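The following exercises are to be worked with the sequence and the coordinates at hand. Each task is followed by a solution in steps.

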Number of protein chains: 2
Amino acid sequence: MTQLLRVQNFVVSSDGVAAGENQSLEQPFGDGVSPQRLFAWAGATASWPNRTDPGGSRGLDDYFTRDFTQNIGAEIMGRNKFGPQRGPWTDHEWQGWWGDEPPFHTPVFVLTHHERPSITLGETTFHFVGGEPAAVLDQAREAAQGKDVRLGGGVTTIREFLDADLVDTLHVAVSPIEVGSGLKLWESPDELLDRFHCDVVPSSSGVTHHLFWRR
Amino acid sequence: MTQLLRVQNFVVSSDGVAAGENQSLEQPFGDGVSPQRLFAWAGATASWPNRTDPGGSRGLDDYFTRDFTQNIGAEIMGRNKFGPQRGPWTDHEWQGWWGDEPPFHTPVFVLTHHERPSITLGETTFHFVGGEPAAVLDQAREAAQGKDVRLGGGVTTIREFLDADLVDTLHVAVSPIEVGSGLKLWESPDELLDRFHCDVVPSSSGVTHHLFWRR
């Protein structure tokens, strides 16, 4: 059984920006990028993991939020998704953005050049690993016990794994918001068409889902 | 936690026909309705349960086939989906269309006025039950142990449960094929808009997915 490497529910602006400059504790997505606006389509769905009231839509967008955990056995994320720190860890107090019960519920491999001990919070264990993308993917596949591996971002990490040709499927929601400058996933989704099929699916929420899978 | 009643991957022609007249062993979908043509979009996906080779698309259509079993704990189906017989069972030899390992993997409640003993095949157990839709749904919910219940069809059964206002979500794939006469789900999907929201999502495969959820 194939273990895929999947990007899911990754959101970029209409001009391809996934995060602005100057990411920080106060502005996790950097200058000019509001996560509330970028993720509004997801937050409106019934299956959004952070939803606290029983409502929410069950149309197209909900298929993407409820697919988030399906058959996923591990995640790989970049260090810049894990937290706003850069360079060596000055202490180990920071345990990610997600509180005591992170929404991953699997092993998570955080890419970093700077070692630190693993952290377990609820059903999620964060491991801090270095090395080439292919080697990290091998580790994550083994931890996933036959299930797929999610490539959680951020944008730099996704680009690294795309450059290494390790990504099997990508779901990118393109938001109608234009940001201008920042870290871009692409200049245009067409850049991926030599290697991937793509379904382009506009949603009534305003985002346009781009679904890529290997040729 | 709400237990939804969900219709999934139900296919109709462009004129709303789900099954032709004269359903039989040789023509399970009746006159003029080819299941191969109606389900071609689903058969092309990577997650189609009957797929035997490793290929298949992983775009929009695949989200629907891979959602088929997600969080489903029981199915309700009409007797006409279970087999081509009508009236009292003349024997108990017929065990459904699906061979020794049916794709349901849950309890399945088959609506019939004619009693017969339950059948277990692989992970699927078929129970044969009478009574009003609401009472059957109660039985199925209990068997589903907190998960959702799939309303599997056929078209007469779906219409009965819609008339009783028991359906929470419907995914109907409208195929570009026109059939003419037969058993119709609707004259037009607009008939459901007084009670349901609807996302209409065209796929590159040629079908148009209609996703309904309660207002």
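**Exercise 1.** Determine in which strand of chain A the residue A:Asn9 lies, and state the sign of its phi.

*Solution.* Step 1: A:Asn9 belongs to strand 1 of chain A, where helices (H or I, at least four residues) and strands (E, at least two) are DSSP runs numbered from the N terminus. Step 2: its phi is near 55°, a positive value in a residue other than glycine.

The model is predicted: local features need pLDDT of at least 70, side-chain atom pairs count only at pLDDT 80 or more, and totals for chains, interfaces and linings use all residues. Residues are numbered from 1 along each chain as its sequence is written, chains are lettered from A and ligands numbered from 1 in the order in which they are written, and side-chain values use heavy atoms, with hydrogens and water left out.

**Exercise 2.** Establish the strand order of the sheet in chain A and explain why one side of strand 5 and of strand 10 is left without a neighbour.

*Solution.* Step 1: the sheet of chain A is open, and its nine strands follow the order 5-6-4-3-7-1-8-11-10 with mixed pairing; two strands pair if DSSP finds at least two bridges between them. Step 2: strand 5 (119-121) and strand 10 (196-202) of chain A are at the edges and have a single partner strand each, so one side of each lacks a neighbour in the sheet. Step 3: from one strand to the next the twist averages 20°; axes are lines fitted to C-alpha atoms, for helices over the stretch in contact, and angles run from 0 to 180 degrees between N-to-C directions. Step 4: within this sheet, strand 4 (residues 107-111) and strand 6 (residues 124-129) of chain A run parallel and are joined by five bridges, with A:Phe109 opposite A:His127.

**Exercise 3.** Identify the strands of chain A that helix 5 touches, and locate the cis peptide bond that involves A:Gly154.

*Solution.* Step 1: helix 5 (residues 133-143) of chain A packs on the sheet and touches strand 1 (5-12), strand 3 (72-78), strand 4, strand 6 and strand 7 (148-151) of chain A; contact means heavy atoms within 4.5 Å. Step 2: the direction of helix 5 makes about 170° with that of strand 4 of chain A. Step 3: the cis bond joins A:Gly153 and A:Gly154, with omega about 0°, and A:Gly154 lies in the loop between strand 7 and helix 6 of chain A. Step 4: in chain B, the peptide bond from B:Gly153 to B:Gly154 is cis, with omega near 0°.

**Exercise 4.** Describe the interface of chain A and chain B by its contacts, buried area and salt bridges.

*Solution.* Step 1: 19 residues of chain A contact 19 residues of chain B. Step 2: the buried area is about 1,800 Å², 58% of it from carbon and sulfur atoms; this is the accessible area (1.4 Å probe) that two parts lose on being put together, summed over both. Step 3: the rule finds two salt bridges across the interface, each a side-chain nitrogen of Lys or Arg within 4 Å of a carboxyl oxygen of Asp or Glu. One salt bridge is between the side chains of A:Arg66 and B:Asp67 (2.7 Å, N to O). Step 4: helix 3 (60-66), strand 8, strand 10 and strand 11 (208-214) of chain A each give two or more residues to the side that touches chain B, and helix 3 of chain A gives the most, with four residues.
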